[in-house]
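Me: I'd like a close look at one part of this model, the largest pocket. What lines the largest pocket?

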Amino acid sequence: MSPYKLVFGKVCHLPVELEHRALWVLRQLNLDMEIAGTRRITELHELDEFRYHAFESTRLYKERMKMMHEKNILKRNFKPGDVVLLYNSRLKLFTGKLKSRWSGPFRVVEMHPAGAVEIASEDGSRKFKVNGKRLKHFQGMVEEDKVISTMYLKDP
């Protein structure tokens, strides 16, 4: 159904010259089925090649991003006796601007398989197991008992 018939409700009769030109153009376009078939196959191959290049480009981009991301990841190897901080994920309920989510310091007591770490509080009263991913090394100063000797100067 032609657009003319849809709009006006009757068939459009073209002059003979236009009908002849339209048939001639149709014959030129669809002259040889083999040529049309090979053209279609080459277009499909070009489309596949374009997709391949797009997938390859995204794969290379993902590899570069993965390398950049993994470069910034720090290995956390804990040994018994290390001083660590524990990430408190439940602190989200009681948020405060200056409240830190890291609690501690704690001492590493023992390493377990699959990344579990047993830690104890500084005074040794509480021991518990946590996931090693929730720990980080404590970089602050560790308080140690130091004996400070004082010297009195005698007046001569």
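Reply: A bit of bookkeeping comes before the pocket: helices (H or I, at least four residues) and strands (E, at least two) are DSSP runs, numbered from the N terminus. Read that way, the elements go α-α-α-β-β-β-β-β from the N terminus on, which comes to 3 helices and 5 strands. The model is predicted, so local features need pLDDT of at least 70 and side-chain atom pairs pLDDT 80 or more, while totals for chains, interfaces and linings use all residues. Residues are numbered from 1 along each chain as its sequence is written, and side-chain values use heavy atoms, without hydrogens or water.

How far can you trust it? Mean pLDDT (the predictor's confidence in each residue, from 0 to 100) is 79, with 73% of residues at 70 or more. Helix 3 (residues 33-71) has the highest mean of any element, 91, and helix 2 (residues 16-29) the lowest, 65. Where pLDDT is low, don't read the predicted coordinates in detail.

Now the pocket (on a 1 Å grid over the protein atoms alone, an open set of points where a 1.4 Å probe fits, with protein on both sides within 12 Å along at least five of seven lines; lining residues have an atom within 4 Å of a point). The largest one is about 270 Å³ in volume, counted as the space filled by probe spheres set on grid points joined across faces, edges and corners. Its lining takes in Ile73, Leu74, Lys75, Arg76, Asn77 and Phe78, along with Met111, Gly115, Val117, Asn131, Gly132 and Lys133. By class that's 5 nonpolar (Ala, Val, Leu, Ile, Met, Phe, Trp, Tyr, Cys, Pro), 4 polar (the others, Gly among them) and 3 charged (Asp, Glu, Lys, Arg).

Phe78 and Val117 are worth a second look, since they line the pocket and also sit in the largest nonpolar core, a set of buried (under 20% relative accessible area, 1.4 Å probe, protein chains only) Ala, Val, Leu, Ile, Met, Phe, Trp, Tyr and Cys residues joined through side-chain atoms within 4.5 Å. That core has 9 residues, the others being Val84, Leu86, Phe106, Val108, Ile119, Val130 and Leu135. Strand 1 (83-87), strand 2 (102-111) and strand 3 (116-121) each give at least two of them.

Phe78 is in contact (heavy atoms within 4.5 Å) with Val84, Val108, Met111, Val117, Gly132, Leu135, Lys136 and His137, leaving aside neighbours within four places in sequence. Met111, Val117 and Gly132 from that list are pocket-lining residues too.

Notes:
Buried means under 20% relative accessible area, exposed over 50%, partly exposed in between (1.4 Å probe, protein chains only).
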